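These are my notebook entries on a single chain. I set down what I looked up, in the order in which I looked it up.

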Amino acid sequence: SEEDVSQELDDEWRRKLLEAEQRVARGRTQFQELQSKQTEMRMTRQRYDLDVESAEDALSRAEEITQQYHDRVELLNEQLLSLDMASSDAAPEMIEALASEHLLLEAEMTEAKIKAESVAEELRQLEGSRGDVEKLVELEREKLEQLRIERQTVYVKLGGLSEELKDAEVDLKELLESLPEDVDLESWEQELVRIGERIRRLGPINLAAIDEYEQESERKNYLDQQDSDLNEALETLESAIRKIDKETRQRFKHTFETVNDGLKRLFPKVFGGGEAWLELTGDDLLETGVSIMARPPGKKNSTIHLLSGGEKAMTAIALVFSIFQLNPAPFCMLDEVDAPLDDANVGRYARLVEEMSSNVQFIYITHNKIAMEMAHQLQGVTMHEPGVSRLVSVDVDEAVALAEAS
């Protein structure tokens, strides 16, 4: 939503601002440290320069003294040569004095050489240290320049963030005060990456999104209402189905038991004995099937499929009549049911029909005389002339009375 996007942008600005301030603080600290270190290196270099200068002066003085000693030695050598050539009584004494002075000068010259070599060695060491210091100073200068560039970059970014905060009408002071103390920069960066990915998936900004959102909200409310009505209607329908299923099971069970009792009672009448019953093929009363089990007198078969045609017809008559006893219809039509029956079974069939005719009106088609004698009204078709049919009706009771009267 718009509030979530605004909150996410506020969090992003806070994170950027905090990151910029931390980078500025770190840059300032590093800059101060480098300035202190550069000052210290500059002072060290100055000390090294002074030491080098003093060493160079000492070396120069030592070289001058050495040169003076060389000059005096040469002078003494010249004097010795001149004395060797001279023949004077005082020559031995002068030679001895000059030799002593020569030895003394030689010792002083040797000491001066040693001191000069020591000063030269110290000077070389100082020159090497000076080179190392200059390298360190150059390295620190490069680091300092890099930090200056980074600081300038941070200031530029900070200026951009300030402009963004200004455009968003956000008070920087209030924003800093609202920041939590236990700020976790890493978690904020991860959240920023997640929000950026969500914004990327959203694609370009749709300026008409608010109007579309309102339209879709109205449509959603309408669909929610429709869904609620449908769920309510579905619940009502399911409740009705459960009620119908319950009532259907009860009525089916009652009907099955009643028909089964009627079949058990009528089957012996039709066959003059034996037994028959109904069995369910499953446990669910709504999906189960019904099997007819019939055993005429003298047979051990288990199902109706093993009966003959006449036995199947008699079993079907018993079943149909048991159903009619449960729910009698205004009339029942039987089409040549007695055709596969012998005379004995036709008689049982006729007596059963006559017994039930008190509750049900039977209309049956037959060619059997025994079945015709059982009827109260006969309807026949005759053809006295070729191609001309005529319906003939006979009331059996009236025919019998007429026959007795004649």
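Entry 1, a helix pair. I looked up how α5 packs against α7 and found an angle of about 135° with the axes 8 Å apart. I therefore recorded α5 as oblique to α7, since angles over 145 degrees would count as roughly antiparallel and 65 to 115 as roughly perpendicular. The model is a predicted one.

I then listed the residues on each side. From α5 I noted Leu266, Lys269, Val270 and Phe271, which meet Asn345, Arg348, Leu352 and Glu355 of α7. Sorted by class, this contact comprises four nonpolar, one polar and three charged residues.

Entry 2, Asn345. Is this residue of α7 buried or exposed? I found a relative accessible area of 18% for Asn345, and because buried means under 20%, I entered Asn345 as buried. Beyond residues up to four places away in sequence, Asn345 touches Val270 and Met314.

Entry 3, the nonpolar core. I looked up the largest nonpolar core and found 34 residues in it. Those with the most contacts inside this core are Ile317, Phe321, Leu334, Tyr349, Leu352, Phe362 and Tyr364. I noted that α5 (209–271), β1 (275–280), α6 (309–326), β3 (331–335), α7 (343–356), β4 (361–365) and α8 (369–374) each contribute at least two residues to it. The largest share, seven residues, is that of α5.

I followed one member further. With its neighbours within four places in sequence set aside, Phe321 is in contact with Leu266, Leu334, Leu352, Val353, Met356 and Phe362. Two of these names recur from my first entry: Leu266 in α5 and Leu352 in α7.

Entry 4, His376. I located His376 in the loop between α8 and β5 (377–385). Its relative accessible area is 48%, so I entered His376 as partly exposed. Which residues does His376 contact, leaving aside its neighbours within four places in sequence? I found Val394, Asp395, Val396 and Asp397. I also checked His376 against Glu398: the two are 22 residues apart in sequence, and their C-alpha atoms are 9.5 Å apart in space.

Entry 5, the chain as a whole. I counted nine helices and six strands. Of the 406 residues, 25% are buried. Among contacts with a separation of 6 or more, 60% join residues 24 or more positions apart. The accessible surface comes to about 28,900 Å², and carbon and sulfur atoms account for 52% of that surface.

Methods
Residues are numbered from 1 along each chain as its sequence is written. This is a predicted model: local features need pLDDT of at least 70, side-chain atom pairs count only at pLDDT 80 or more; totals for chains, interfaces and linings use all residues. Side-chain values use heavy atoms; hydrogens and water are left out. A nonpolar core is a set of buried Ala, Val, Leu, Ile, Met, Phe, Trp, Tyr and Cys residues joined through side-chain atoms within 4.5 Å. Buried means under 20% relative accessible area, exposed over 50%, partly exposed in between (1.4 Å probe, protein chains only). Contact means heavy atoms within 4.5 Å. Accessible areas come from the Shrake-Rupley method with a 1.4 Å probe; for residues, only the protein chains shown count as cover. Axes are lines fitted to C-alpha atoms, for helices over the stretch in contact, and angles run from 0 to 180 degrees between N-to-C directions. Angles under 35 degrees count as roughly parallel, over 145 as roughly antiparallel, 65 to 115 as roughly perpendicular and the rest as oblique. Ala, Val, Leu, Ile, Met, Phe, Trp, Tyr, Cys and Pro count as nonpolar, Asp, Glu, Lys and Arg as charged, and the others, Gly among them, as polar.
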